[in-house]
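Okay everyone, thanks for coming. Let's have the sequence and the structure up on the screen, and then I'll walk you through what I found.

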Amino acid sequence: YRFGSWREALSQAGFEPPSPQGVTTEELLADLRRLRDELGKKPTTTAVTEHGKHSTSTYYERFGSWADALDRAFDDADADE
């Protein structure tokens, strides 16, 4: 948090940050739904850290909060069912 982003922290430490992922919103939501299906419940940040394809910071940056990411993923999924 001190540097504003992981990429900036890496740069300040003298490392070359990886190129941006360019992950789509739908890919993020799909991974949350995949984890829900595997775990049998909505995923926690710990579950995403351990088993997800994307970091929790990506979700926070995209949706503003963890609760908003979950609401978006599962409101959309419920509407499709």
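So, to start, we need one little rule: the expected span of a helix is 1.5 Å times one less than its number of residues. Keep in mind that what you're looking at is a predicted model.

Let's try that rule on helix α2, residues 25–39. With 15 residues, α2 should span 21 Å, and its end C-alpha atoms are in fact 21 Å apart, so the two agree. Now, which residues of α2 are buried? They are L28, L29, D31, L32, R33, L35 and R36. Right after α2 comes G40, and its phi is positive, near 80 degrees.

Hold on to L28 for a second. Over in helix α4, which runs through residues 56–63, sits T58. If we skip residues up to four places away in sequence, T58 touches V23 and that L28 from α2. Is T58 buried or exposed? Its relative accessibility is 15%, and buried means under 20%, so T58 counts as buried.

Okay, on to the rings. How many aromatic pairs are there? The count comes to three. Take Y59 and F63: their ring centres are 6.5 Å apart and their planes sit at 20 degrees, so we call that pair stacked. These two are four residues apart in α4, which means about one helical turn separates them. Y59 is buried, because its relative accessibility is 0%. F63 counts as buried as well, at 14%.

Next up, Y60 and W66. Here the ring centres are also 6.5 Å apart, but the planes are at 40 degrees, so this pair is tilted. Y60 counts as partly exposed, with a relative accessibility of 39%. W66, on the other hand, is buried at 12%. Put the ring pairs together and you get a cluster of Y59, Y60, F63 and W66.

Last thing: how far do we trust all this? The chain averages a pLDDT of 87, and 88% of the residues score at least 70. Which element has the lowest mean pLDDT, and which the highest? The lowest is helix α5, residues 66–80, with 78, and the highest is helix α3, residues 45–51, with 96. And as a general habit, where pLDDT is low, don't read the predicted coordinates in detail.

That's it from me, thanks for listening!

Key
Residues numbered from 1 in each chain as written. Predicted model: local features only at pLDDT ≥ 70, side-chain atom pairs only at ≥ 80, totals over all residues. Heavy atoms only, no water. Buried < 20%, exposed > 50% of the residue type's maximum accessible area, 1.4 Å probe, protein only. Contact = heavy atoms within 4.5 Å. Phe/Tyr/Trp six-rings, centres within 6.5 Å; stacked < 30°, edge-to-face > 60°. pLDDT = per-residue confidence, 0-100.
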